[in-house]
Amino acid sequence: MELGKRIAAQLEGATFDRVAAAGLANAQANRARIGRSILELREAVGDGDAAVVVAAGPSLHRRRSLERLLASGFDGLVVAVDGALGACLRAGVIPQIVVSVDPHPGRIVRWFGDPTMTAAPTDDYFRRQEMDPVQATDEVTANRALVALVDRHGPRLRVAAATSASPTVVERCLGAGMALFWWNPMYDDYDKPESISRRLHRMNGLPCLNGGGNVGTAAWVITHALLGRRRVALLGMDFGYAPGTPYAKTQYYPELAEMLGDRVSEAFIHLTNPAHGEMWFTDPAYYWFREVFLAMTREAACETFNCTEGGVLFGPGIRSLPLEEFVADLRGVAKLSR
Amino acid sequence: MKQFLKGNYALKVVIEEPAKSEADSTDEFEKKALSRLGGSICFVSKKAFVWTGEGKDGAGKADRRPA
C-alpha cells in the first residue's frame, strides 16, 4: 500500500488524539453560552427537499461556483462551512446556515473576520491555505473587509455551532448578531458506558453528530440527517489540490515534512476524477475524508450530487454533474409533482 | 533537585527510572506525529449520523435542561 494511504488508514484514532481534549475543554468553556439545540434549526429554516452545501475547496474559485449558484436562481437551502463564508458573502450568496467545528484557538475566527487582528500573524496558515485566496495575500486588509461584511450580514445568519468551537469564534458570532444552534461532535461509541460522547450529552443535553473528519462532511450530515433534505448538492468539496499546486502550499505540508523528511512527496496520492478528467492530488488527511465520505454516503437517506467540478470525490452513491443541471433537474421534479 | 530533597535515612537499593524502550519511543513519536495530521472532528465508524441520547432529557425542546 502507498505510504499516503497507510497514513490515512490511521487517522480515525489520530483525529481523536488531535481534537478530543481541546474540543471538550471548549465545550466546558462554552457552557454558559449554549442555548438552542441544533434540533430547533429545522423549524427555523423550514422544510424543503433540496440543499446546496458549500465547502471551501479550490474549485469554488476555479469554477466560479458561487457566481453560478447565484445565477442559477436556486432557491433551496444553502449551508456553508465557516471557511467558505467570506467567499459566499463576497459573491452575494447569503447562506441560511454556517457550520463551525474546529476547536483551534486562533485560526477559525479568521473565517468570520477577527476584529482584534492588527498585524499579519507569524503563523503562515492563511498565506498557505487554498480555501480562500483573498485571505492569502494582504491578510490585514482582507480581514478588515471580512469583519465589515460579516458584521453587516451577521443578523441574517444562523450558525450550527459545535460545542468544540473555540470560545473566540462563539464570541465573534454572537457579537455579529448571529443566532447559534448547538450540537456536540461525536467523539466515540455512545453505546459504551464510559463513552465521552455519552458524558458530554449528559452534561449539556445536546445531540451528538458523526462529523466524518471535517467541517464539510459535518455540514452534509446536518443537511440530510438533521434538516431532512433529500437532494443535496456539493460545491467546493474537493478533498484535494488542483493540478500544479506546489506540495508546500498544501494544508498539512509542514507536519508531513517534519514526519517524513525527504520522503514527503510519497505521502501525496494522485487520482484522476472521471467526472472531469483531471488528475488531482490529495494528502493523507483529505484522502481519509474522502474515504469516510464515500462510506457515509452508502448509509445516507439522501441523494448526493457532486457539483464541485474538481477534486477527488467520486464513487458509488455520488452523482457528478454541473450545478446548472442539478438546478434544472430540481425544476423538472417540481413540475412533475404539480 | 537532590540538594533540596534529602531524607534522614539511606536506602539499601538503587531506584532507577524505568527506561523507555526504543519501540515505545518510536510509537509515541508516531502517535504524536499522526495526531497533527488528523481532521477537525472525529468520525466514529459504524455509528449513526446523529445520536440524541435516550430522549428523556428534553434535548432540542423548549424545556431542554440548560447547559
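This report describes a predicted model of two chains, A and B, from the fold of chain A to the contact between them.

Residues are numbered from 1 along each chain as its sequence is written, and chains are lettered from A in the order in which they are written. Because the model is predicted, local features need pLDDT of at least 70 and side-chain atom pairs count only at pLDDT 80 or more, while totals for chains, interfaces and linings use all residues.

**Chain A overall**

Chain A has 14 helices and 11 strands. Helices (H or I, at least four residues) and strands (E, at least two) are DSSP runs, numbered from the N terminus. The radius of gyration of chain A is 19 Å, close to the 20 Å that the globule rule gives for 338 residues, so the chain is as compact as a globular protein of that length. That radius is taken over C-alpha atoms, and the rule is 2.2 Å times the number of residues to the power 0.38. Along the principal axes, the C-alpha atoms fill a box of roughly 55 × 50 × 50 Å. Of the 338 residues, 51% are buried. Buried stands for 20 or more other C-beta atoms within 10 Å of the residue's own, exposed for 12 or fewer, and partly exposed for values in between; C-beta atoms are placed from the backbone.

**The shared sheet**

An open sheet of 10 strands runs in the order 11(A)-10(A)-7(A)-1(A)-2(A)-3(A)-4(A)-5(A)-6(A)-1(B), with mixed pairing. Strand 11 (318-320) of chain A and strand 1 of chain B stand at the edges, each with a single partner strand, so one side of each lacks a neighbour in the sheet. Two strands pair if DSSP finds at least two bridges between them. Some of the pairs are listed here.

| Strand pair | Sense | Bridges | Facing residues |
|---|---|---|---|
| 1 (50-54) and 7 (231-235) of chain A | parallel | five | Val52(A), Ala233(A) |
| 3 (97-100) and 4 (158-162) of chain A | parallel | four | Val98(A), Val159(A) |
| 4 (158-162) and 5 (179-185) of chain A | parallel | five | Val159(A), Leu180(A) |
| 6 (208-209) of chain A and 1 (50-51) of chain B | antiparallel | two | Cys208(A), Trp51(B) |

From strand 4 of chain A, the chain crosses through helix 9 (residues 167-175) to strand 5 in a right-handed β-α-β crossover. Right-handed here describes a clockwise path from the first strand over the helix to the second, with the strands pointing away from the viewer. Strand 4 of chain A is mostly covered, with five of its five residues buried. Arg158(A), Ala160(A) and Ala162(A) point one way, Val159(A) and Ala161(A) the other.

**Where chain B meets chain A**

The predictor gives the complex an ipTM of 0.92 and a pTM of 0.89. In the model, 28 residues of chain B are in contact with 49 residues of chain A. Contact is counted when C-beta atoms, placed from the backbone, lie within 7 Å. Helix 1 (22-35) and strand 1 (50-51) of chain B each supply at least two residues of the touching side. The largest share, four residues, comes from helix 1 of chain B.

Thr52(B) lies in the segment after strand 1 of chain B. Thr52(B) is partly exposed, with 17 other C-beta atoms within 10 Å. Thr52(B) and Arg36(B) are 16 residues apart in sequence and 30 Å apart in space, C-alpha to C-alpha.

**Confidence in chain B**

The mean pLDDT of chain B is 70, and 51% of its residues reach 70 or more. pLDDT is the predictor's confidence in each residue, from 0 to 100. Over residues 56-67 of chain B, pLDDT stays under 50. Where pLDDT is low, the predicted coordinates should not be read in detail.

Technical notes: Two residues are in contact if their C-beta atoms, placed from the backbone, lie within 7 Å.
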